[in-house]
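This report covers the contacts to a nucleic acid strand and the ring contacts within the protein.

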There are 2 protein chains.
Amino acid sequence: MAKRTGVTRQKAARIADVARLAGVSVATVSRTLARPEVVIEETRARVLAAVRDTGYTPNISARNLRVRKTMVVLVAVPDIANPFFAEVLQGIDDTLSTAGYGLIIANLAGSPEKEARYVDLVCAGQADGVLLLCGHVMRSPDRDLREAHVPLVAACEYIPRENFPQVTIDNVGTAREAVGHLIELGHTSIAYLSGPKSNILEQQRLEGYRQALREAGIAADAGLILPGDFTFRAGVEAGRALLALETVARPTALFAANDEMAIGLIKTVHAAGLQIPDDLSVVGFDGIAYADYCEPTLTTIVQPRRDLGATAAAELIALMTIGQAGLRKNIKLPATLMLRDSTRPPRKSPGHSSRGARSG
Amino acid sequence: MAKRTGVTRQKAARIADVARLAGVSVATVSRTLARPEVVIEETRARVLAAVRDTGYTPNISARNLRVRKTMVVLVAVPDIANPFFAEVLQGIDDTLSTAGYGLIIANLAGSPEKEARYVDLVCAGQADGVLLLCGHVMRSPDRDLREAHVPLVAACEYIPRENFPQVTIDNVGTAREAVGHLIELGHTSIAYLSGPKSNILEQQRLEGYRQALREAGIAADAGLILPGDFTFRAGVEAGRALLALETVARPTALFAANDEMAIGLIKTVHAAGLQIPDDLSVVGFDGIAYADYCEPTLTTIVQPRRDLGATAAAELIALMTIGQAGLRKNIKLPATLMLRDSTRPPRKSPGHSSRGARSG
DNA sequence: GATGGACATGTAATCGATTACATTCGGCAT
DNA sequence: ATGCCGAATGTAATCGATTACATGTCCATC
């Protein structure tokens, strides 16, 4: 025995063992577990005792094969180490796991090979549904996730022209609100630290930035749009770029497309002697936990991260169980501007801060 | 049709469909996919063409049932939103997913019900192995994970008296090193911000703290041991406790059992006017990404987070495939003290900083 | 006392793959 | 010509559950 590769594992009790021990048929055992009310008290007791004695647990693969379900959903995450997604995942996990679903987390990490593997997994029927946090429909070289004909829901990143439910926030509107806040404080020279141009969130937040400026009658200055890619590193580099500007040309405020970049930027310019918010007001986006931990605390758009996850999960469950009926295709959750310590009116001389750094 | 609850999904091609189309038996199809070399060129071509035409993918539940494997491992994480674990998870994911394993992430979140559900899952044969990042063997009310007779590996938190492989760092030694660093700088009044007393990591790090003091001939002062629980919040409260002390009684340095608490503490005392590291040197533990982002950057013990995950995953794969032979039970990975900006010699007047706050 | 219906349980088909064993065929040695 | 061997493929058992349908029992009703 055990001549093949692999480890011999103690054989688990099967339903037939329980049936034999209880002196009933396998059907009765199955029914006792699935719909206890249809078997009479006395039989039920015998069966349950046998279940306990044998330590029986149904084999899920067999059940899945029979009922054509897996009770597993796959969640595609761009980067599991990103705190924003980690918090969305918590909401997803809460909802899904109390509904009895297991979670396979597909950490894409920018790797097409991984993505392809997961697409194959889903196509092979390993998941009853998929939650997309990744801004695009997953693909493998010759397959597309949609071919799996599996319920799909997207969250956080809007995926245009797809007709499955999506749970997002109003990125344009909240970005406009964030920049509007800076304008109300009296800023007129406001930079934008952007995400990767191809990203839909970036496009929407940039649009919000532009709208706010336009409404205030402030001319857009392309030189104030700094390139970024949502990483802390990008924030550091944008900070350096800012420092390289002549003092008079420097903006008095900055809106970053996400918190991590904002924090990287603050750290960099502060280390060089700029005071936040005195010399530069900064607004972030996302509301990650660290936005409230950093120094100074970051004014930011806080997204309902858990709720985004929970809502998307609930939609997916609805899709998986009762079908599409009555589902809203495009759910928007409220996100709010949280005022903290990184924003303040510009210094006396309006338009720029001529005194510059080194005041601490 | 589709009269039952649930959504009708397009039926996927089965192996029999492929066999029919290719004009061969199901066995040949299966063999073509599993061991191409045993079927002759011409047949293989016909089968592969049929596979492509039908879009066939093997049904994993059926295969799992037959071969008694799932190619899934369960990872138990205390808290998925904790950045330390998120990074360990990345290492796990890298190794496991390239080996073809799927990942079910059990986010325990302190909930015994969740834990129980996952134990049942594993006992039901839903996973080929389990990775424990959680410092204890998982339990359900009447079951213990060990009863599942599934390969187990623990990482990060040492689980005493269990005889499965464990991948950790030398917590006692590195904690001693961290405190030793403060002593070398000239500090003699060193506080310790602890974790929950029941936690094994806490116990080991406390032991390291004590050893360092003892070696330096510094008397331990129970009043300098602040209660904590590894959360940012606990750091904030410890910071308040520190501020409540009279200036002369205040320690000049502090070792925190993890980075999040260290960061919370720094933020709090800094907001009250204390300068870090001038008025208080702080050393953390873990080396999370934010330890390098915060202000000032945090001197800390950096754990090889990805590597811990990757190594544990590799051990588990070994256990699952070739059995226990040749496995080290207790693997220690190196962790190093990373010197950054939060530590410095104490101020002139040795023993305490009488000038106190309000210097910025 | 037959009839029928409600209820509890049993029998056996089924889900879709893998694989041990059986079969077929061609070639080669005797 | 016979028999044997090995290669290629086919046949059917098997994994462990769920569940449609069949069966049997008991009691109420006419």
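A polar contact is a pair of N or O atoms within 3.5 Å. The model is predicted, and its contacts to the phosphates of DNA strand C include the three below.

| Residue | Atom of the residue | Distance to a phosphate oxygen of DNA strand C |
|---|---|---|
| A:Thr28 | N or O atom in the side chain | 2.6 Å |
| A:Ile40 | polar backbone atom | 3.2 Å |
| B:Arg63 | polar side-chain atom | 3.1 Å |

The elements that give two or more residues to the surface near DNA strand C are α2 (26-34) and α4 (60-67), in chain A and in chain B. The largest share, 5 residues, is from α4(B). Around the strand there are 27 residues, of which A:Thr43, A:Arg68, B:Ile15, B:Ser30 and B:Arg66 come nearest. By class, this surface has 14 nonpolar, 6 polar and 7 charged residues. Sugar or phosphate accounts for 67% of the strand's atoms within 4 Å of the protein, and bases for the rest.

Over all chains there are 13 aromatic pairs. One of them is stacked: B:Tyr192 and B:Tyr209, 5.1 Å centre to centre with 25 degrees between the planes. This pair joins strand β8 (residues 190-193) to helix α8 (residues 200-215) of chain B, its members being 17 residues apart. B:Tyr192 and B:Tyr209 are both buried.

B:Tyr290 and B:Tyr293 pair edge-to-face, at 4.8 Å and 70 degrees, and both are buried. They belong to one aromatic cluster with A:Phe232, A:Tyr290, A:Tyr293 and B:Phe232.

Charged groups also meet rings in chain B. B:Arg205 lies over the face of B:Phe285, 3.7 Å from the ring centre, while the charged end of B:Lys332 is over the ring of B:Tyr158, 5.7 Å from its centre.

Methods
Residues are numbered from 1 along each chain as its sequence is written. Chains are lettered from A and ligands numbered from 1 in the order in which they are written. This is a predicted model: local features need pLDDT of at least 70, side-chain atom pairs count only at pLDDT 80 or more; totals for chains, interfaces and linings use all residues. Side-chain values use heavy atoms; hydrogens and water are left out. Rings of Phe, Tyr and Trp (its six-membered ring) pair if their centres lie within 6.5 Å; planes under 30 degrees apart count as stacked, over 60 as edge-to-face and the rest as tilted. Helices (H or I, at least four residues) and strands (E, at least two) are DSSP runs, numbered from the N terminus. Buried means under 20% relative accessible area, exposed over 50%, partly exposed in between (1.4 Å probe, protein chains only). A charge sits over a ring if NZ of Lys or CZ of Arg is within 6 Å of the ring centre and within 35 degrees of the ring normal. A residue is near a molecule or strand if one of its heavy atoms lies within 4 Å of it. A polar contact is a pair of N or O atoms within 3.5 Å; within protein, one must be able to donate a hydrogen and the other to accept it, and residues adjacent in sequence count only if both atoms are side-chain atoms. Ala, Val, Leu, Ile, Met, Phe, Trp, Tyr, Cys and Pro count as nonpolar, Asp, Glu, Lys and Arg as charged, and the others, Gly among them, as polar.
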